[in-house]
Each structure stands twice: as C-alpha cells, then as structure tokens.
Amino acid sequence: MATEVIHLSGAIVVDGETEVSDVWSVDGRLTFVKPAQAADLRIDGVVLPGLVDVHCHIGLGEMGAVPPDEARRQAIADRDTGVLLVRDAGCPRQPYNTRWLDGEAWAPRMIRSGQHLAIAKRYIRHLPRDITPDQLPDAVAQEAHAGDGWVKLVGDWIDRSMPEPDLALLWPDDKLIEAVERAHELNARVTTHVFSAEGAAQALRCGLDCIEHGTGMDTAMMAEARAKGVAVVPTMIQRDHFAEIAASGQGKYPVWERHLMDLFDQRYAQAKELYEAGVRLLVGSDESTNIPHGVYCAETDLMALAGIPSEAIVEAATYGGRDYLGVPGIEEGASADVVVYASDPRVSVAVLRSPQAIVLRGAVLAGAVAGAVV
Ligand SMILES: [Zn+2]
C-alpha cells in the first residue's frame, strides 16, 4: 500500500544541475510544494530518480517467452535492485507476453522493443522473429506497432555458411535504411545488436538510433556516434561473457573465436574510450538467457572498473537514462519512482548496491528507512 505522504529530504538529485533538499510523494506523485497534510513517513538520504536498465529482457527464457510467474520473478528481481524503468530489448510475444505487467503497481515500468528481428539460423534459436532481408521494412513497422516506441534488430552474428565462419552482417544497407525510415515515420527508434566493427559501421551509416554492445567501435566510429547523437549501451556484463561465447565454438570456428577474443581483450579499454570520446552511454545489464535478473549493480560496477567516472554512470543510470527514454524523473507531478541512498553514488557507484529505500509509485518497497517517522 502506498503511504499517502512521504517526505524525502537530504540531497534530491533532479539532474546534473539541479539539487533541492526536499520533495514529497503525495498519493504516488512527486511535488516540491510542502503539502498541508503532515507526512506519514520521512526518508532521509541522497534521492535519485529510479534506476533505468535500457537493455533487459523481462519475459525471456532459453526457449523463448516464459510464463507469467517467471516473468514476475524476473521483474521483481530487477525492481529490488532499484531498477524502476526498463527498456525491454527484445522478447517474443507468443505464447506469452508481458503486457499484463503494465497494470501491476508493483512492477517496474516497461518500454518494449517488440521481438528481435533476425534471419533464420543467424541468431540464438527461440528468441528472434526470423524474417528475410526483404521483409525487414514491413517487419520493423509491425514491431514498432507491437512495442512501445522501440524496435530491436540483430545486426551481426556468426555466419556459419562462410568458408571461415565469422561475425557477419545480417541486412543489406538499402533494406536497413528503408526499415529505419519506416520506424521513424511511426515515431519509433531502432536499436541493434552489434559486436563487430562492421556491424557498428553499418548501424552508423544507415541511421540507427542506438547501438547495443558496440564492442567493435573504433575511434572514428565513436566520433561519428557522438556527432550523430547515437547512444551506445556497452553491456559490460555481456562483454565479460565473450571469452565463454568464443569457447563455445570448441575450435570449429577459429576466425570467429579469435574475433570474439580480440573484442574480449579490449572490452574495458574500449568502453573507457567510448566515454572519453563523448559518446552518450546508457546502462544495460542484458539480463537474459545467459545473465540472471537482478544483477544491475554488477553492470554499473564494471563500467566503473573500466574507468568511467561514477558521476557519469549515475547520470546514465538515472536522470540521463530517463531523459533518453522520454520518461520523467524527479519532476512536479511525476510518478514517485525514486531510490534513496545513505551516501552519494556519484562519488562511488558501489553505493548503488545498498539502497536505503526504493519507492515505486509512492509505495516504499524495500530497504531500511532512515530518518524519523513524523
Ligand atoms: Zn540482449
């Protein structure tokens, strides 16, 4: 049950410029105006907009869509780390979908990207919708209608039909350009899974809005991404899995295995370079089939380990990520979706692991509550 009036006090971080000392949640909505009614609860600390995971797959399992009970478990595991807004980066809609979560007060908010689009045998089985390259523009339009303003493509993956299998592009440029135009006409943005340099280069020249993983991006591509405003989700936890993914080839695909190992070896340095190049970075855990739900703080810790400053990570994880997705953070009248910490995670992201309180739609969900009940 939502406490009617919560007084949040301390350092209320609205964005990079604005900090105030008090905000209230009244019937689940934020206000900077002190209500006439006495607060039922006061929570002191560093208050930030609820965390954002822009690459997460709630509702997905190894065999495709999971039943509602499993989707619920995934959503709760994510929420209990403070993740209150998720961009679902691809999930089948049959035989189950996650639309029912939108009506649940306890569930994190979800922005869906439809089902990943790929070509038969060119991605992980059971996850994508398999189409032909000619079908891409229409399929993108269909996924744009099915989703919440995003479409997710698989841009590169191993091509086992090559004489020496390696990461290779899935789509020809002309179809990709047409598909992105169709999405934009429908006010949807398009993001793409790419590991290789070629994949990122194609995404940049074909007008994609966002790049997932982006491990192969070089200095020139980083400059291009910055100039075009293309965001990159480095998915550090997934980068750590590249050695394991390479090993799964068991020596059958030596070129591909070497390629993934090269990307693995440079995974931290390249992430740091993305940050230093001024590319807009977002936080995405890629919780899916090989990464369990509820590990968001491992992603922020790894971004810090790569050398990205805590302040930049926290911006991407909170008000910056929300701004990118077009969802309000701490604003007058916004849903009271905030996380509270005893100390400032902008000084050390490790603090994100220990929330004092998680407040979703005005309900205190978890954690100790500092400060007096007045
Ligand atoms: Zn993913």
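This is a short talk on one predicted model, moving from its domains to its core, a few strands, a helix and some single residues.

Let me start with the overall layout. The domain assignment splits the chain into domain 1, made of 5-49 + 329-366, and domain 2, which covers 51-325. So that you can picture the spacing, the centres of domain 1 and domain 2, taken over C-alpha atoms, are separated by 30 Å. Where they touch, domain 1 puts in 23 residues and domain 2 puts in 18 residues. On the domain 1 side, the elements giving two or more residues are β4 (41-49), β19 and β20 (363-366). That side of domain 1 has 15 nonpolar, three polar and five charged residues.

Next, the core. In soluble globular proteins, nonpolar side chains tend to be buried together. In this model the largest nonpolar core has 108 residues, and the members that touch the most others are Leu8, Val47, Val140, Val338 and Val340. Which strand gives the most to this core? Strand β1, residues 5-13, does, with five residues. Both domains take part, since at least three residues of the core come from each of domain 1 and domain 2.

Take Val140 as an example from that list. Leaving out residues up to four places away in sequence, Val140 touches Leu117, Val151, Ala179, Arg182, Ala183 and Val190. If you have the structure open, you can pick out those residues around Val140.

Now two strands. The first is β19, residues 355-360, in which six of the six residues are buried, so β19 is largely enclosed by the rest of the structure. Its partner is strand β18, residues 338-341, and the two pair in the antiparallel sense over four bridges. To find the pairing on screen, look for Tyr341, which stands opposite Pro355 in β19. Recall that β19 is also among the elements on the side of domain 1 that touches domain 2.

The second strand is β8, residues 83-88. Here too six of the six residues are buried, so β8 is largely enclosed by the rest of the structure. β8 has a parallel pairing with strand β5, residues 51-56, over four bridges. In that pairing, Leu51 has Val83 of β8 as its bridge partner. β8 also runs parallel to β9, and four bridges join them. There, Arg87 stands opposite Ile111 in β9.

After β8 comes a loop, and it has a feature to point out. The peptide bond between Gln94 and Pro95 is cis, with omega about 0 degrees. Pro95 sits in the loop between β8 and β9 (109-112).

On to a helix, α5, residues 219-228. Which of its residues are buried? Met221, Met222 and Ala225 are. Looking down the axis of α5, these buried residues fall within an arc of 105 degrees, so they line one face of the helix. On the other side, Thr219, Ala220 and Ala227 are exposed. What do the buried residues of α5 pack against? They pack against α4 (197-205), β17 (231-233) and α9 (267-276). The residue that follows α5 is Gly229, and its phi is positive, near 70 degrees.

Gly229 is a glycine, but positive phi also turns up in residues of another kind. Lys121 is not a glycine, and its phi is positive, about 65 degrees. Lys121 belongs to the loop between β10 (117-118) and β11 (129-130). Is Lys121 buried or exposed? Lys121 is exposed, because 12 other C-beta atoms lie within 10 Å, and the cut-off for exposed is 12 or fewer.

Asp286 also has a positive phi, near 55 degrees, and is a residue other than glycine. Asp286 is in the loop between α9 and α10. With 26 other C-beta atoms within 10 Å, Asp286 is buried, as the cut-off for that is 20 or more.

The last residue is Glu299, which lies in helix α10, residues 296-305. Glu299 has 29 C-beta neighbours inside 10 Å, so it counts as buried. Not counting residues up to four places away in sequence, Glu299 touches Met236, Ile237, Val283 and Ser285. As for distance, Glu299 and Ala139 are 160 residues apart in sequence, and their C-alpha atoms are 31 Å apart in space.

That is the end of the talk.

Definitions and conventions: Residues numbered from 1 in each chain as written. Predicted model: local features only at pLDDT ≥ 70, side-chain atom pairs only at ≥ 80, totals over all residues. Arc of directions from axis to C-beta. Contact = placed C-beta atoms within 7 Å. Pairing = 2+ DSSP bridges. Domains from an automatic or database assignment. Nonpolar A, V, L, I, M, F, W, Y, C, P; charged D, E, K, R; others polar. Core = buried A, V, L, I, M, F, W, Y, C linked by C-beta atoms within 7 Å.
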